[in-house]
Every structure is written in structure tokens, then in C-alpha cells.
Amino acid sequence: MAYFTAYDELEGLMRERLGRECLYVPSCRLGLYLALRHWCPPGGRVLMSPVNDDVIFFVVLAAGLRPVQAPLDPHDGSIDLAAVPDSLWPQLSGVLTTNLYGNPDPAPELRARCDALGIPLIEDAAHAIGSEAAGRKVGGYGEAAVFSLSKHTAAKAGGFLAPADPGLREALAKARDELLAPPRASAELAYWARPYAEATVRGLRLAPAAWAVLRMLGQQEREDIRMALRPGDLRRALDTAPGLAAFHSWVRVDMHDYRASGGRLRLGRIARKLSRLDAVLDAHRTGAERLLATEWARPKPGRVQPLFRVPLLVEDRDAARAALARERITVGYLYDPPLDDYAGAAFTDPSPAPDAGRWFAHHALPVDPLKAERTIKVLHEAGIQPARGGPAGV
Ligand SMILES: Cc1ncc(COP(=O)(O)O)c(C=O)c1O
């Protein structure tokens, strides 16, 4: 079929970049579901970051796994290995990294831990397509890594599942194909119309047709940063796990066609965006460098990564967000509260040391490096202060 030919082209571009086998998936969330189903037997516990998209939390639940929230480094939201108690490791059957905003989790150390325990490391590399950990590409450490083409490439669809073992390609492709939904003309049309619909809404010419397109794509389902949890419905869905069907209403938020195989138009647009990725990464690196030199940043030593967002740490995040909104700069990718506070002990093991993650989630202002200059100007004019204090030791 035509879309398989187009997959080949996309996979070739990514394979060259990553140096690993790459399998096209219609979204990172579907790729993560596939990876967790393949490598983590249902019923196990998986260490993950409490500062991740709630969609990914529901993917872990749909895979029949119990999330365990990790302690975080309050400077950048990466997993803080030193704060994981020794007694926790033997309870785990897998580790899922987040590489939040492109800041890498401590992959070499996590790799060593997972090897010692004989459990898989799965990398959520959605935000980290050009990042490196200890001189090696993020996505090169785990049994599998999953990328999203909706982030740096802004293709609003697509991703890759990259297994360490190329011999698994056929089995994973078969599992993927069983999960794919065939292209639907209405979804393809909505995908095509989305950039225009967003531009119309952004320009405050609130055409009803534009809102209808955004609703169809799942863009209007959050009243707050986190989606409504609906604990009763979630408990019933858990009885059916593993399986995606009962979790569909949570997993599809922000992207209703997360399982769509994609038609020619969609795959063509994705290929065009992917072929321009290097220029985009350069621009992200330049903007990140600029933002990391401001008073709100806590840069780490080493080469600047082409961050997807730069988490500035500000005292009053909501005031900063409001000041930016007045200048039509939308701050997305906020993950506050952390997942253990959001979901509670009924659905996840809490972090053994939650304060640093809470503090980070509350103060982090994820800034788009492509809007660095405008953002810095607005924050200065609004008198936004760097975050003070913090959990012990910050
Ligand atoms: C950290 C992280 N992982 C995974 C995803 C899911 O990516 P996709 O929308 O391609 O399914 C997101 C989406 O925002 C994300 O922020």
C-alpha cells in the first residue's frame, strides 16, 4: 500500500540520523504503548517521571503496568538517581525516561542499573530528538526509544520507535500494524486544515469552522493543565488492561488520530518537515543558549542541547504565563501538578522524594527557544523574578 512506501522514506531519514533501526509510528504515544507491551510484561511496575504529559501516564496504565513516580532534579526535571532508595529498584520491571524539554535523563547510569537488574530501559525521546547524554544521542541507550515528530519538527503527527535490536523490526511492525487505524478522509482533511485553523484562532478571528477543526483534533479537551482524571471510569478501564480500547478517551487527548496510518498528504508533509530538521535544531540551540544566559535559568555545564523548551525557573509562573499570553505567546507543555499528586495512590506509587519534583513543576516556565528574544523582553517588562528558595539543598 502507498503509505508503507512513504514510511520507508521517513524511516530512512531517521535511521541515518540516529544510527538505529527506526519504525514509523503515527504518534509517540502509540510507539510507547507498543514498546511497553513488547518489553514489560503486564502487572509490573515501571519507574517514570512525574513531570510528563498525562497522556503518557495513561499509556503506561493501558499497557497493564503500575507507574512508580521517580524523584527529580529540581534544576531541570531530570530523574534524580541518587534519591531513588535502594529498596525500590528490585520492585521494578522497567524504567521509562522522559528527557523533559530535551534535557537528558542520566541515561548511562540508568542503563547500568537496568542491566544489573535485567530490566528494560525505554526512552521517551519525544522532546529530545537532537539531545545527547554523555556524548551519545538520546535514543541510543534503551532497548527501545520513541520519538515524536509533533515536537521539534512540528509535523503534528508521526514518530518513530527505534529498537536497539534491528532483528525485532518485523515483530514490532506487525504489532504496530495491528494497532493502526486506516486513513479516514475526514481525519486527513482535518490534519491538512489544522495549521490554518490554528492560525485563524490565534489571530482572534474565531471562525466557528476553525474551532470545529481543533475540537476534532482533540485540542479543546483540557480545562486545566492536566486533563480530568475521571477516577470511576479509570478504575473500570484498568479492569480491561492491557489494551488501548478502554483508555482511548484519555490517550487520544491533543491528538485524536494518534493511531491513524496516514494518507499521502500527511506523510508528504511529515517528510518535508523532517528533511528540514537540522536547521530547526540549530535554531533551537541558538535560542536555548540565549535563554540559558538569563537570570531565570539554571544551566548545566557542557554543550548546549537543542532544547525543545527551556525550563526557566520563575517565582510566579502563573504571572509569567499571563504576561506572555497578553502578548499572544502561549506557554504549553506545562506538567503541573506532578503525576503522583494528580492521580493519587489509587493509580500510581508516589515518588519517594516528591518535593523537588513539585517545586520544579510549580516554577518551571517552558519557553520556546524560537521565541527567546520576545519572551525575554516580556518577562523583563513584567518584572518576573527568578524562583527563590526551593526544596532542601536547591
Ligand atoms: C514528554 C512527552 N512524551 C510523549 C508525548 C506524546 O507525543 P505524541 O503527541 O507524538 O504522541 C508528549 C506529547 O506532548 C510528551 O510531551
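Q: What makes the second largest cavity of this predicted model a cavity rather than a pocket?
A: A cavity is a set of points where a 1.4 Å probe fits but cannot get out, whereas a pocket is an open set. The second largest cavity has a volume of about 40 Å³.

Q: How do you know which residues line the second largest cavity?
A: A lining residue has an atom within 4 Å of a cavity point. Val-51, Tyr-101, Arg-317, Leu-334, Tyr-335, Phe-360, Ala-361 and Ala-364 line the second largest cavity.

Q: What classes of residue make up the lining of the second largest cavity?
A: Seven residues are nonpolar, none is polar and one is charged. Tyr counts as nonpolar and Arg as charged, so Tyr-101 and Tyr-335 belong to the nonpolar part of this lining and Arg-317 is its charged residue.

Q: How many cavities of 30 Å³ or more are there?
A: The count is three. The largest cavity has a volume of about 60 Å³.

Q: Which residues line the largest cavity, and how do they divide by class?
A: The lining consists of Arg-309, Leu-324, Ile-329, Thr-330, Val-331, Gly-332, Pro-366, Val-367, Asp-368, Lys-371 and Thr-375. Five are nonpolar, three polar and three charged. Gly counts as polar, so Gly-332 falls in the polar class.

Q: Why is the pair between His-127 and the ligand called a polar contact?
A: A polar contact is a pair of N or O atoms within 3.5 Å. An N or O atom in the side chain of His-127 is 2.8 Å from an oxygen atom of the ligand, so the pair qualifies.

Q: What makes the pairs of Asp-53 and Lys-151 with the ligand polar contacts?
A: A polar side-chain atom of Asp-53 lies 3.2 Å from a ligand oxygen atom. For Lys-151, a side-chain N or O atom is 3.2 Å from an oxygen atom of the ligand. The cut-off is 3.5 Å, so both pairs count.

Q: How much of the ligand does the protein bury?
A: The ligand exposes 390 Å² when taken alone, and the protein buries 97% of that.

Q: Which residues come nearest to the ligand, and what classes form the shell?
A: Of the 14 residues around the ligand, Arg-29, Asp-124, His-127, Ser-148 and Tyr-335 come nearest. The shell divides into six nonpolar, four polar and four charged residues.

Q: How do you know that the chain agrees with a compact globule?
A: A compact globule of 394 residues would have a radius of gyration near 21 Å, and the chain has 20 Å, so the two agree.

Notes
Residues numbered from 1 in each chain as written. Predicted model: local features only at pLDDT ≥ 70, side-chain atom pairs only at ≥ 80, totals over all residues. Heavy atoms only, no water. 1 Å grid on protein atoms, 1.4 Å probe; cavity = no way out; pocket = protein on both sides within 12 Å on 5 of 7 lines; lining within 4 Å. Points joined across faces, edges and corners; volume = space filled by probe spheres on them. Near = heavy atom within 4 Å. Polar contact = N/O pair within 3.5 Å; in protein donor to acceptor, adjacent residues only side chain to side chain. Areas by Shrake-Rupley, 256 points an atom, 1.4 Å probe, with all protein chains shown as cover. Rg over C-alpha atoms; globule rule 2.2 N^0.38 Å.
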